[in-house]
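User: Please take a close look at one part of this structure for me: its nonpolar core, and how the strands and helices around it connect. I am a first-year student, and short sentences help me most.

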Amino acid sequence: MKTRRVTDQITQLTRMHFVNAFLVREEDGLTLVDTTMGGAADSLVAAANAAGAPIRRIALTHGHGDHVGSLDALRERFGAEVEVLMPDLDARILGGEKPDGKLPGSWPSVTTVPDLRLAAGDRVGSLEVIPTPGHSPGHISYLDTRDRSLIVGDVFTAYGGVQVTSHFHLRFPFAAMATWDKERDVQSARELAALSPSLLLVGHGPATSNPGSAIDRAIRSAERG
Ligand SMILES: [Zn+2]
C-alpha cells in the first residue's frame, strides 16, 4: 500500500496502483474513508499505525466492491469500537434491497451492518456529507470543512486528467461501465464543482490540486457524451 500525505489532515492510501482509500485526521483519531478491495485490512491498519493514530470510524463513499471490500475484515478485527458509516441507499442495497432498474458495478455480499446511515448535511468529524448519486444510487462525497479538500469516490476519476465517471474513458473504462445513472452522475459532478474544492481526491487516480478548471473541462466533455 502506497501512502501519500495530500493535506495536513489527509493521507491517500493507494493499493495495486489503482484504488484509493483515505485516512482523515480528527482530534480523536482517524476516519478511514473507503477500504479498497478485499484483503487490505492489515495494510490499512498498518497505514493508520504509521500515521500514529487509531482508526475511530470507517466512512464509505458507495457500495461497490473496490470500496467496501475490506469492511467485513475490519469490523471483525475492531468490533463495535470502530463505527461504520454508509450512505443510506447503498447500505440498503448491500443489505439486500433491490433498486429500480439495472444495477451495474460489483455489489459484494457484506455482512457488516452500518452503525449510522448518512444523509445530506450529516457530519463525520470535520467532513460534511454531500449527496452525489449517479455512479451508484446512494453515492456520497465528503468535504473537509477545514480546507475544502473534497473526497469524491467515483464521481470522477483522475487518470490522464480528471473525468466524470459517466464518460467512457479508455484509461479506466471500468468506472463508466459501473455507473448506474449517467445523467445524475454528471449533475452530481456539477454540484461538486459548485463547492469550489481546493483539492480533488478520487477513488481511482492521483490527487488534483486547484481542480476547478480540470473539473469544468471534465463536465463539458461529459456533457458532449
Ligand atoms: Zn464505484
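Analyst: Start with a definition. A nonpolar core is a set of buried Ala, Val, Leu, Ile, Met, Phe, Trp, Tyr and Cys residues joined through side-chain atoms within 4.5 Å. Buried means under 20% relative accessible area. Keep in mind that this is a predicted model.

Now the core itself. The largest nonpolar core has 27 residues. Those with the most contacts inside it include L23, L32, L44, I58, L71, L74 and M86. Which elements give two or more residues to this core? They are β3 (19–26), β4 (29–33), α1 (41–51), β5, α3 (71–78), β6 and α4. The top contributor is α1, with five residues.

Take β3 next. It is mostly covered, with seven of its eight residues buried. β3 has a partner in β2 (residues 10–15), and the two run antiparallel, joined by six bridges. Q12 stands opposite F22 in β3. The two strands form a hairpin, with three residues between them. M16 sits in that turn and has a positive phi of about 50°.

β3 also pairs with β4. These two run antiparallel as well, with five bridges between them. Here V24 has T31 in β4 as its bridge partner. A hairpin makes the connection, through two residues.

Move on to β6, another contributor to the core. Strand β6 covers residues 83–87, and four of its five residues are buried. What is the sense of the pairing between β5 and β6? It is parallel, over three bridges. R57 stands opposite E83 in β6. β6 pairs with β7 too, in the parallel sense and over three bridges. In that pair M86 stands opposite R117 in β7. The chain goes from β6 through α4 to β7, and this β-α-β crossover is right-handed. M86 thus comes up twice: it is among the residues with the most contacts inside the core, and it faces R117 across the strand pair.

R117 leads to the charged residues here. Side chains of opposite charge can pair when their charged atoms come close. R117 meets D88 in a salt bridge, 3.4 Å from N to O. This pair links distant parts of the chain: D88 lies in helix α4 (residues 88–94), R117 lies in strand β7 (residues 116–118), and they are 29 residues apart. Are these side chains buried or exposed? Neither label fits. D88 has a relative accessible area of 25%, so it counts as partly exposed. R117 is partly exposed too, at 43%.

A second salt bridge joins R92 and E97, at 3.1 Å from N to O. R92 is partly exposed at 27%, and E97 is partly exposed at 42%. These two bridges belong together: D88, R92, E97 and R117 are linked in a network of salt bridges. The count for the model comes to nine salt bridges. Another of them joins R146 to D144, with the closest N and O atoms 2.9 Å apart. There the two ends contrast. R146 is partly exposed at 34%, whereas D144 is buried at 0%.

One more link starts just after β5. H64 lies in the loop between β5 (55–59) and α2 (65–68). It is a donor to the zinc ion, through ND1. The other protein donors are H62 (NE2), H135 (NE2) and D154 (OD), and the four lie 2.2 to 2.3 Å from the ion. What makes the arrangement irregular? The angles between the donor atoms at the zinc ion run from 90 to 176°, so it is irregular. In sequence the donors are spaced H-x1-H-x70-H-x18-D. H64 and H135 link distant parts of the chain: H135 is in the loop between β9 (127–131) and β10 (140–144), 71 residues from H64. H64 and H135 are both buried.

β9 and β10 belong to another sheet to look at. Six strands form this open sheet, in the order β8-β9-β10-β11-β14-β15, with mixed pairing. β8 (123–124) and β15 (208–209) each have a single partner strand, so one side of each is left without a neighbour in the sheet. β8 pairs with β9 in the antiparallel sense, over two bridges. V124 stands opposite L127 in β9.

Notes: Residues are numbered from 1 along each chain as its sequence is written. This is a predicted model: local features need pLDDT of at least 70, side-chain atom pairs count only at pLDDT 80 or more; totals for chains, interfaces and linings use all residues. Side-chain values use heavy atoms; hydrogens and water are left out. Donors are N, O and S atoms within 2.8 Å of the metal (3.2 Å for Na, K and Ca); water is not among the atoms, so sites may look incomplete. Four donors count as tetrahedral if all angles lie between 85 and 135 degrees; four count as square planar and six as octahedral if opposite donors are over 155 degrees apart and all others between 65 and 115; anything else is irregular. Buried means under 20% relative accessible area, exposed over 50%, partly exposed in between (1.4 Å probe, protein chains only). A salt bridge is a side-chain nitrogen of Lys or Arg within 4 Å of a carboxyl oxygen of Asp or Glu. Two strands pair if DSSP finds at least two bridges between them. A crossover is right-handed if, with the strands pointing away from the viewer, the path from the first strand over the helix to the second runs clockwise.
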